[in-house]
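Here is a set of short questions about the labels used for one protein chain. Each answer sets a value against its cut-off.

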Amino acid sequence: MRDAYQVILQPLITEKSTVLRDRNKYAFVVDRKATKPEIRRAAEELFDIQGDILKVRTMHVRGKPKGKMLRYQRGRKPHWKKAIITLREGASIQAFDTI
């Protein structure tokens with residue numbers, strides 16, 4: 001069992017994730033090898049929301065190419081994994097309420 005801080009790396013603060021919060025959905029950057037049950041346990045442990053999680057959705061995000069000069073690609077940002085956690089009605093994550 002991995003530490004919760006190794007599973008959930010950081011919250012994802014974007015315009016789209018801010019809109020999702022109105023529907024009780026919270027977005028996080030997670031470890032690329034993390035599974036849905038690991039993400040659920042880590043979120044319950046970190047944010048003290050036992051029993052409030054309805055659904056965990058994950059997706060792999062490809063890193064964008066960077067440093068294009070003419071036709072040559074110099075490199076790319078690393079690939080990463082995103083998780084969207086849906087909470088039951090009336091529940092919230094207190095850390096996001098201050099943002």
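Q: Why is Asp52 called buried?
A: This is a predicted model. In it, Asp52 has a relative accessible area of 14%. Buried means under 20%, so Asp52 counts as buried.

Q: What makes Asp52 and Arg88 a salt bridge?
A: Their side chains meet at 2.7 Å, N to O. The cut-off is 4 Å, from a side-chain nitrogen of Lys or Arg to a carboxyl oxygen of Asp or Glu. The pair is therefore a salt bridge.

Q: Why does the pair of Asp52 and Arg88 tie together parts that are apart in sequence?
A: Asp52 lies in the loop between H3 and E3. Arg88 lies in the loop between E6 and helix H4 (94-97), so the pair ties together parts that are 36 residues apart in sequence.

Q: Why does Arg88 count as partly exposed?
A: Its relative accessibility is 36%. Partly exposed lies between the limits of 20% and 50%, so the label fits Arg88.

Q: How do you know that Arg2 and Asp31 meet in a salt bridge?
A: The N to O distance is 2.5 Å. The rule asks for within 4 Å, so the pair of Arg2 and Asp31 qualifies. Arg2 sits in the segment before H1, and Asp31 in the loop between E2 and H3, 29 residues apart.

Q: What makes Glu38 and Arg2 a salt bridge?
A: Their side chains meet at 3.0 Å, N to O. With a limit of 4 Å, the pair of Glu38 and Arg2 therefore counts. Glu38 lies in helix H3 and Arg2 in the segment before H1, so this pair ties together parts 36 residues apart in sequence.

Q: Why is Glu38 called partly exposed?
A: Glu38 has a relative accessible area of 21%. Buried would need under 20%, so Glu38 is partly exposed.

Q: Which residues are joined into one network by salt bridges that share partners?
A: Arg2, Asp31 and Glu38. By the rule used here, the count comes to three salt bridges.

Q: What makes E2 and E6 a strand pair?
A: Six bridges join E2 to E6, which run antiparallel. Pairing takes at least two bridges, so E2 and E6 pair. One partnership is Tyr26 with Ile85 in E6.

Q: Why are E1 and E3 called edge strands?
A: The open sheet has four strands in the order E1-E2-E6-E3, with antiparallel pairing. Strand E1 (8-11) and E3 each pair on one side only.

Key. Residues are numbered from 1 along each chain as its sequence is written. This is a predicted model: local features need pLDDT of at least 70, side-chain atom pairs count only at pLDDT 80 or more; totals for chains, interfaces and linings use all residues. Side-chain values use heavy atoms; hydrogens and water are left out. Helices (H or I, at least four residues) and strands (E, at least two) are DSSP runs, numbered from the N terminus. Buried means under 20% relative accessible area, exposed over 50%, partly exposed in between (1.4 Å probe, protein chains only).
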